Amino acid sequence: MSVRVGQIVRSAAELFGSIWASSAPQNGKKSSLWRKVTTWSAVGAAFNSNPVRRLDLLQRGSRPYLLRGFVWSQGLFGVPELSSTEGFERVQRRALLEAEQLVAKACRTAPGASTVEVFDKLSDTLCRVADLADFIKVAHPDPEYREAGEKTCIKIGTAVEKLNTNVELCRSLKNLLDNQEVMDQLDPETRRVAELFMFDFEISGIHLDEEQRKEAVDLNVKLLDLNNQFLMGCHMPNRIDGRALPTHIHHHFTSEGNYLQIGGLHADSPDDVVREVAYRIFLYPNRDLMDILDQLLSCRNKLARLVGYESYAHRALRGTMAKNPGGSMRYMFTHHFTSSFTRTEKDFKMMKDMKCKLNPRNPDLMPWDHSYLSGVIRAERFNIEPSLYSPYFSLGSCMDGLNALFTQLYGVSLLAEQPSAGEVWSEDVRKLAVVHETEGLLGYIYCDFFIRPDKPHQDCHFTVRGGRMQDDGRYQLPVVALMLSLPRPGRDAPTLLTPAMMENLFHEMGHAMHSMLGRTRYQHVTGTRCATDFAEVPSILMEYFATDYRVISQFARDYQTGQPLPQSMVTRLCESKKVCGAADTQLQVFYAALDQAYHGKPQSRSTTDILIDLQQKYYGLPCVPNTAWHLRFSHLVGYGAKYYSYLMSRAVASMVWRQCFQKDPLNRYTGERYRREMLAHGGGREPMQMVEDMLQKKPSMEDFVDALVSEMDPDFESIIMDSEN
């Protein structure tokens, strides 16, 4: 019997973590070696230590081999073929062949639960390859692997679009759905999954004639390419001749001969000139990218109209909590704007006053000032300079905190596991096994947390493999990957997080636990495979835990002295989040409204003109001439017509927190109930029904708006006065 190495080898951090500790200053100087003054668990030590390089003798050749009875897997995520880029072709070919066989099986299966099981197995066969490749094309440091992942995504994606217009395959599912006697015998999750598969057929144009179905497939395939082109363009830096910029700011940007590359907004730079230069150059319009966006939006609208929808937004919102882009969506935008208008105006006035104080010669408030000035105001009025907090938030301590929280709420532990040779794409990737106290192993989380060259600066969650019940009765364990952009641990200190970084970590772990704690029968609805406006609820809810002292006090310790983070500092941090909260939320309303406008009925004006109009209507700060912020709006790809989801999910998370967790955030009964009512089902139940069951009432659109507005403290001015006294 072969045993997986990761199940028996203790992690390097567990073996050597005890020697990773801080040292007290000696003779007024900080020692480069650390003396242990605080205790981390194995998982904490794994993230506070530098990775231990695996011996080269474990990396012979390109295929797995046996060593004293143990199987050493050298493929990415334990897939042996993926020890080389050529393996993608083999994995892809095998998946497509198996898919052919499953299609044939589905078409001859009698109506019943087995029909849905075959459909789900077909979906799983393709998703396991496509989802893995989708991650590799973004995260792998080797461009050849990224290219192989990209090609695989396109190949599998094209196959999926063809299957979604396969009439014979659809007929086998329709035979089940039309048989009411059989449908009545199915459990609710199986009925819902059958309906969701039919929904995929319908939005792909299965009801069209053969020529129109081919057109729908062609449009979907074209969209795959346009999505990739737009995403690549969104993240491409702009460059300018260095002689055009003041020499004293050159060091803020990347040099390329005589040119400077501007690859971001530098929104938090204290230098007004740097922020303005970065904003104007990074957002300078790119005609080619503008054409790609126009084609993307046109193609989406054409597809939606072809398959019978009024607009792409109508197609995208079917099955979500919002249902459609009609009255309720407009109500959320307009009513929130009306409710928070006065507070937003006050926020902008505070920012303008601060800019006058910092730079009286250039007092006009501009879009590049929002993020920086709101941060300055928070820091000044509540003394929340991030560097004061970071010593308490070492990455290992934060992971310990998450481990403790999950243990108390769900009976779940995070265990550091040593990956096999070749299993991960970078030596600083950590692997966690998620283990329940009675249910056993729930799944795996791969943590790609540290910055490196060519890695996107984004925080996100990827499903690599979904959970499902297999034919042999065993459960296919879910596998996910989390990507952050944190600094690496150094010789003299572990990775130290700012409060914002810590909150982002909790957010992404919320997605991961959604994937781990679900136990759906079908992978089609596993974990985060649910309505987009529900998928963000578990992650945003985790942000509330990240700012509650009862949670923070369990892990926030100074990495050198072991002293706990004072409660007063947590209180100030929480109060400061209300500062400029109205303006921050209104900016999100503007983004959501812009997304809806782009995906609604086509307008006889440019995307830039639409942006200018909506920025003036919903935001308040002026649109800067010769800039095109929407060409950097990468969410238009993954969240097309669904950016509002962040607002709706935040409203739901706020209601769940206040009603269920605020009184006792560590209550096991409430945690189990939350898992049972919301996390366990993935997309296997109607999203609004899960919300109603958790809140024990049906929330109205007014409740959603009120929840968002309640995030802005009504006694804000008194808080400021108290902090100044």
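**Helix H20 and its surroundings**

The buried residues of helix H20 are covered by elements that include H17, helix H18 (499–517), helix H19 (532–535), helix H21 (549–552), helix H26 (645–661) and helix H27 (668–677). H20 itself spans residues 537–545. Nine of its nine residues are buried. The buried set runs through Val-537, Pro-538, Ser-539, Ile-540, Leu-541, Met-542, Glu-543, Tyr-544 and Phe-545. The model described here is predicted.

The chain as a whole holds 30 helices and 13 strands. It has 725 residues, of which 55% count as buried. Contacts across long stretches of sequence are frequent in the count. Among contacts between residues at least 6 apart, 72% join residues at least 24 apart.

H20 also takes part in lining empty space. Three cavities of 30 Å³ or more were counted. The largest cavity contains about 70 Å³ of space. Its lining is made up of Phe-406, Leu-409, Tyr-410, Gly-510, Met-513, Pro-538, Leu-541, Met-542, Phe-545, Tyr-674 and Leu-679. H17, H18 and H20 are the elements that each give two or more residues to this lining. H20 gives the most, with four residues.

Helix H17, one of the elements covering H20, covers residues 395–410. It has 16 residues and reaches 22 Å from its first C-alpha to its last. That span is close to the 22 Å expected at 1.5 Å a residue. Of the 16 residues, 13 are buried, so H17 is largely enclosed by the rest of the structure. Just after H17, Gly-411 takes a positive phi of about 70°. H17 also lies across four strands: S7, strand S8 (430–436), S9 and S13. It runs at about 140° to S7.

Those four strands belong to an open sheet of five, in the order S7-S8-S9-S13-S10. The pairing in this sheet is mixed. Strand S7 (412–417) and strand S10 (460–465) stand at the edges. Each has a single partner strand, so one side of each is left without a neighbour in the sheet. Neighbouring strands are turned by 30° against each other on average, direction ignored. Within the sheet, strand S9 (residues 440–450) and strand S13 (residues 479–486) run parallel and are joined by six bridges. Tyr-444 stands opposite Val-479 in S13. A second helix, H5 (residues 113–139), lies across S9, S10 and S13. H5 runs at about 140° to S10.

The loop between S9 and S10 holds Gln-458. How far is Gln-458 exposed? Its relative accessibility is 27%, and the residue counts as partly exposed. This follows because the partly exposed class lies between under 20% for buried and over 50% for exposed. The C-alpha atoms of Gln-458 and Ser-485 are separated by 6.6 Å. Along the chain, these two residues are 27 residues apart. Leaving aside neighbours within four places in sequence, Gln-458 is in contact with Val-138, His-235, Met-483, Leu-484 and Ser-485.

A second open sheet has three strands, in the order S4-S6-S5, with antiparallel pairing. Its edge strands are strand S4 (238–241) and strand S5 (254–256), each of which pairs on one side only. The twist averages 35° from one strand to the next. S4 and strand S6 (residues 259–262) run antiparallel and are joined by four bridges. Asn-238 has Ile-262 in S6 as its bridge partner.

A further loop residue is His-630, placed between helix H24 (607–618) and helix H25 (635–638). His-630 is buried, with a relative accessible area of 0%. Its contacts, leaving aside neighbours within four places in sequence, are Phe-230, Met-290, Leu-293, Leu-594, Tyr-598, Thr-607, Thr-608, Leu-611 and Leu-636.

Definitions and conventions:
Residues numbered from 1 in each chain as written. Predicted model: local features only at pLDDT ≥ 70, side-chain atom pairs only at ≥ 80, totals over all residues. Heavy atoms only, no water. Pairing = 2+ DSSP bridges. Axes fitted to C-alpha atoms, helices over the stretch in contact; angles between N-to-C directions. Contact = heavy atoms within 4.5 Å. Buried < 20%, exposed > 50% of the residue type's maximum accessible area, 1.4 Å probe, protein only. Expected span 1.5 Å × (residues − 1). 1 Å grid on protein atoms, 1.4 Å probe; cavity = no way out; pocket = protein on both sides within 12 Å on 5 of 7 lines; lining within 4 Å. Points joined across faces, edges and corners; volume = space filled by probe spheres on them.
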